[in-house]
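User: Please take a close look at one part of this model, the parallel strands and what packs around them. I would like one connected account, with the backbone exceptions and the whole-chain figures at the end.

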Amino acid sequence: MQKKTMLFFCIIQQKCVTLHPMKQYTDLFIDFDDTLYDTHGNAVIALQELYRELRLGRFFPRPEVFYNAYWKANIDLWTRYAHGEIDRDYLIVERFRRPLSLGEGLQPTADDCRRVSDRFLDLCSTKPGLVRDARALVEYLLLSGYRLHLCSNGFHEVQYRKLRACGLDGRFDTVILSEDAGANKPSQQFFDYALRVSKAQKETTLMIGDNYSTDIEGALQAGLDTAYFNRFPDYPAPGPCTYEVTGLAQLMNVL
């Protein structure tokens, strides 16, 4: 691995922020959804396909009524799921029960919602879209000799399908999923499991992710350095992090 000692300059709100000299890392924990894989963008396409396939226009005055209700429910439920407040089945059912219940004459059952969710996940998992510079970053990190470990709260079978769809399968030394760990990020249990399975050492491991609450806070509490991928630079990191970048290409200047 090429050694670098440098100061990294990160442009945030058009100001140059100097971070401390770079530490030497050997292992990188990398979030998948919306850090490498364009989960939101791919889901937007899949949701539109689902709306047409199920002919939901018969029940909604405008597609946006369904889409907006879905996203509101999805964000709330995934946040609660990450913190262990709800289980997987509740998330799957409720994220479609809420928007479908707004359709005129619709009274979706739990089984209806599970079937809709299965189809939605089928559509999502075929989408290849990556976040800008994600593929270039992964290739750069591999060539630089880092050990890469995917760390995700996503569902087991879905994440592997998405890895294949976007062409990143086989690029990671380990794939660490919350369902295997028995706990979600940001819990200590998840990161303890990740360190044990990857055989990484805290002192030489960096966590990279776009979700401050689950990726960054969880890793900091576990004693890891962190790189916060802030996709919305108008809103700086809500708390401490080792590095803050607004684009994945900037990580090539850090690592």
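Analyst: Strand 3 and strand 4 (residues 147-152) pair in the parallel sense, and the pairing runs over four bridges. Within this pairing, Leu28 stands opposite Leu148 in strand 4. The model is a predicted one, and what follows is computed from its atoms.

Strand 3 (residues 27-30) also pairs with strand 6 (residues 205-209): four bridges join the two, and they run parallel. Here the bridge partner of Ile30 is Ile208 in strand 6. Strand 3 thus has a parallel partner in strand 4 and another in strand 6.

In a regular strand the side chains alternate between the two faces of the sheet. In strand 3, Asp27 and Phe29 are on one side, with Leu28 and Ile30 on the other. These four residues are all buried, and both faces of the strand are covered.

The pairing continues from strand 6 to strand 7, again in the parallel sense and again with four bridges. Gly209 stands opposite Tyr228 in strand 7. Strand 7 (residues 225-229) is mostly covered, with five of its five residues buried. Asp225, Ala227 and Phe229 point one way from this strand, while Thr226 and Tyr228 point the other way.

Part of the packing against these strands comes from helix 8 (188-198). The buried residues of helix 8 are Phe190, Phe191, Tyr193, Ala194, Leu195 and Ser198. Their cover includes strand 3, strand 4 and strand 6, together with strand 5 (174-177), helix 7 and helix 9 (212-221). The helix is thus in contact, through its buried residues, with both parallel partners of strand 3 as well as with strand 3 itself.

The backbone has exceptions on either side of helix 8. Most residues other than glycine have a negative phi, and most peptide bonds are trans. The peptide bond from Lys185 to Pro186 is cis, with omega near 15°. Pro186 lies in the loop between helix 7 (178-181) and helix 8. At the other end, helix 8 is followed by Lys199, whose phi is positive, near 60°.

A positive phi is also found after strand 3. Asp34 has phi near 65° and is not a glycine. The residue sits in the loop between strand 3 and helix 1 (39-53). Asp34 counts as buried because its relative accessibility is 17%, and the cut-off for buried is under 20%. Arg55 likewise has a positive phi, about 55°, without being a glycine. Its place is the loop between helix 1 and helix 2. At 54% relative accessibility Arg55 counts as exposed, since exposed means over 50%.

Beyond strand 4, the chain passes through a loop that leads to helix 6 (156-166), and Phe155 is found in that loop. Phe155 has a relative accessibility of 3% and therefore counts as buried. Leaving aside residues up to four places away in sequence, Phe155 touches Trp78, Tyr81, Arg88, Leu91, Ile92, Leu121 and Glu179. The C-alpha atoms of Phe155 and Leu106 are 28 Å apart in space, with their positions 49 residues apart in sequence.

Asn74 is found in helix 2 (residues 63-82). Its relative accessibility is 10%, so Asn74 counts as buried. The C-alpha atom of Asn74 is separated by 12 Å from that of Arg88, which is 14 residues away along the chain. Arg88 is also one of the residues that Phe155 touches.

For the whole chain, the count is ten helices and eight strands. Of the 255 residues, 49% count as buried. Among contacts between residues at least 6 apart in sequence, 65% join residues at least 24 apart. The radius of gyration is 19 Å, which agrees with the value near 18 Å for a compact globule of 255 residues. Along its principal axes the C-alpha trace spans about 65 × 40 × 30 Å.

The chain exposes about 12100 Å², and carbon and sulfur atoms supply 52% of that area. There are 30 positive and 33 negative charges, and their mean positions are 2 Å apart.

Key: Residues are numbered from 1 along each chain as its sequence is written. This is a predicted model: local features need pLDDT of at least 70, side-chain atom pairs count only at pLDDT 80 or more; totals for chains, interfaces and linings use all residues. Side-chain values use heavy atoms; hydrogens and water are left out. Buried means under 20% relative accessible area, exposed over 50%, partly exposed in between (1.4 Å probe, protein chains only). The radius of gyration is taken over C-alpha atoms; the globule rule is 2.2 Å times the number of residues to the power 0.38. Contact means heavy atoms within 4.5 Å. Accessible areas come from the Shrake-Rupley method with a 1.4 Å probe; for residues, only the protein chains shown count as cover. Lys and Arg count as positive and Asp and Glu as negative; His and the chain ends are not counted. The place of a charge is taken as NZ of Lys, CZ of Arg, CG of Asp or CD of Glu. Two strands pair if DSSP finds at least two bridges between them.
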